[in-house]
Amino acid sequence: MPTHVRTIQTAVPPTSLDQTVARDIFAGQDGLTRLGERLVRASFDGSGISTRQTVIEDLGAAPVTGDPVFYDRESGVLLSPSTRTRNEVYIDAASRLFVEAAERALDACADIEASDVTHVVTVSCTGFFAPGPEYRIVRSLGLAPTTERLHIGFMGCYGAFAALRVAAAFCESNPDAVVLVVCCEVCTIHVRSSNDPDQIVASSVFADGAAAAIVTGRPGPAGSTSLTVDQLSTELTPVGEDDMAWTIGDAGFDMVLSAAVPKIIDTYIRPALEPLFVNEPHLSADPAGAITHWAIHPGGRSILDKVESNLGLSVSQLVPSRRVLRDYGNMSSGTVLFVLKDILDGDGDGDLDLDGDGGGDVGGDPEQGERVCAMAFGPGLTVETGLFTRVTR
């Protein structure tokens, strides 16, 4: 029996951060060198991001009460709270986003009740607490106390794939399983002023948000659209262990995201796709032509550029990924689910040409379903891939 992603729903915090405003804040810090200021402006302006959402109310335009924690609006100074303070913000903000996304996913499946959920799998790498987010979801949504819970932590931007793999395994072993997968990250609590290029890049792209999916072997009602999980694969590249990392420091979590990452992805992306096509080798000759939709994790603009060029993808095939990057930034683990939601909720005709150039669109046969390839990159350097079929009953 095939496993279906029946719905993907999202939640973001209410504070919106305009990229140009954020750029000016970070570029205006006293401790920056002239080179650091140039790097800030170049990173923010070249990010491909227009707006991001943040749980840090200090950075928004709405009035706030109490003393500033992350940003003092009066002085224009970015503050440096301790890791403990940042994690306390995570516990409060992430808990609300986890539950909000989970509620939306359940509400989107009219034929699935809270009592039907058998498993909850949560993913996060930007904070810790116990009882954890999977516990909060069970209690807040009134799920059965026998609901099996699993939290996947500190895997970075590819964490959603680990959750989908676990969910698919649950469904394969139990035909009645209904798995609620929820990814949530509040990356912005760890940003800070710095002259370090890796930290500057992190400050320019990372954002906050949550995404939830219902994964089950149960087919949806007539007229519903879902993603059938066909194949999931993981690959470690021979190099890159030191080029993408996520560690815990005294003033928040420290991101390593070197300029070598896009080049590493460019070199090893095709070999990383081969295990995904082991059961369908005809796809490997021309993946861009054989697969209609591509959900590439928008880790950054240069990463999307490298993937597009290397695989020969059309402009329209990268529209969902670039649209999520533009409107939300990089939300780490949940971001690829935002892209898959864009594809799942689309009209399915293969026409995703936002730029209006009419070029490069790839069609699909709605009766047979449209193939979808998803991909994310994270510490290791790890390349996670997934092959799906978008089907309408």
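**Entry 1: Arginine 301**

I began with arginine 301 and listed its contacts beyond the neighbours within four places in sequence: Gly46, Ser47, Gly48, Arg322 and Leu325. The model I was reading is predicted. I placed arginine 301 in helix 9. I then asked whether arginine 301 is buried, partly exposed or exposed. Its relative accessibility is 41%, so I entered arginine 301 as partly exposed. I also looked up proline 262, which is 39 residues from arginine 301 in sequence. The C-alpha atoms of arginine 301 and proline 262 are 9.5 Å apart.

**Entry 2: Helix 9 and helix 10**

I next took up the packing of helix 9 (residues 301–311) on helix 10 (residues 319–328). Their axes lie 11 Å apart, at an angle of about 175 degrees. Because angles over 145 degrees count as roughly antiparallel, I recorded helix 9 and helix 10 as roughly antiparallel to each other. From helix 9, I noted Arg301, Leu304, Asp305 and Glu308 in the contact; from helix 10, I noted Ser321, Arg322 and Leu325. I sorted the residues of this contact by class and found four charged, two nonpolar and one polar.

**Entry 3: Helix 1 and helix 2**

I turned to helix 1 (residues 19–27) and helix 2 (residues 34–45), whose axes come within 9 Å and cross at roughly 170 degrees. I therefore entered helix 1 and helix 2, too, as roughly antiparallel to each other. On the helix 1 side I listed Gln19, Ala22, Arg23, Asp24, Phe26 and Ala27, and on the helix 2 side Glu37, Val40, Arg41, Phe44 and Asp45. The classes in this contact are five nonpolar, five charged and one polar.

**Entry 4: The nine-stranded sheet**

I traced an open sheet of nine strands, with mixed pairing, in the order 7-6-8-9-1-10-15-14-13. Which strands are at the edges? I found strand 7 (148–153) and strand 13 there, each pairing on one side only. From one strand to the next, I noted an average twist of 25 degrees.

At the strand 13 end, I found that strand 13 pairs with strand 14 (residues 370–378) in the parallel sense, over four bridges. Histidine 293 stands opposite valine 372 of strand 14. I checked both faces of strand 13 (residues 293–296): His293 and Ala295 are buried on one side, and Trp294 and Ile296 are buried on the other. I then followed strand 14 to strand 15 (residues 382–392), where the pairing is antiparallel over nine bridges. There, glutamate 370 stands opposite arginine 390 in strand 15.

I looked for helices on this sheet. Helix 5 (residues 159–173) packs on it, touching several strands, including strand 1, strand 6 and strand 7. The direction of helix 5 makes about 165 degrees with that of strand 6. I also found helix 7 (residues 261–273) lying across strand 10, strand 14 and strand 15, at about 130 degrees to strand 14.

**Entry 5: The hairpin of strands 11 and 12**

I recorded a hairpin formed by strand 11 and strand 12, with two residues between them. Strand 11 (residues 244–249) and strand 12 (residues 252–257) pair in the antiparallel sense over six bridges. I identified methionine 255 in strand 12 as the bridge partner of tryptophan 246.

**Entry 6: Confidence**

I closed with the pLDDT, which has a mean of 92 for the protein chain, with 94% of its residues at 70 or more. I marked residues 348–367, where the pLDDT is below 50. In the model, this stretch has 39 contacts beyond near neighbours in sequence. I did not pursue them, because predicted coordinates should not be read in detail where pLDDT is low.

Notes:
Residues numbered from 1 in each chain as written. Predicted model: local features only at pLDDT ≥ 70, side-chain atom pairs only at ≥ 80, totals over all residues. Heavy atoms only, no water. pLDDT = per-residue confidence, 0-100. Contact = heavy atoms within 4.5 Å. Pairing = 2+ DSSP bridges. Axes fitted to C-alpha atoms, helices over the stretch in contact; angles between N-to-C directions. Parallel < 35°, antiparallel > 145°, perpendicular 65-115°, else oblique. Nonpolar A, V, L, I, M, F, W, Y, C, P; charged D, E, K, R; others polar. Buried < 20%, exposed > 50% of the residue type's maximum accessible area, 1.4 Å probe, protein only.
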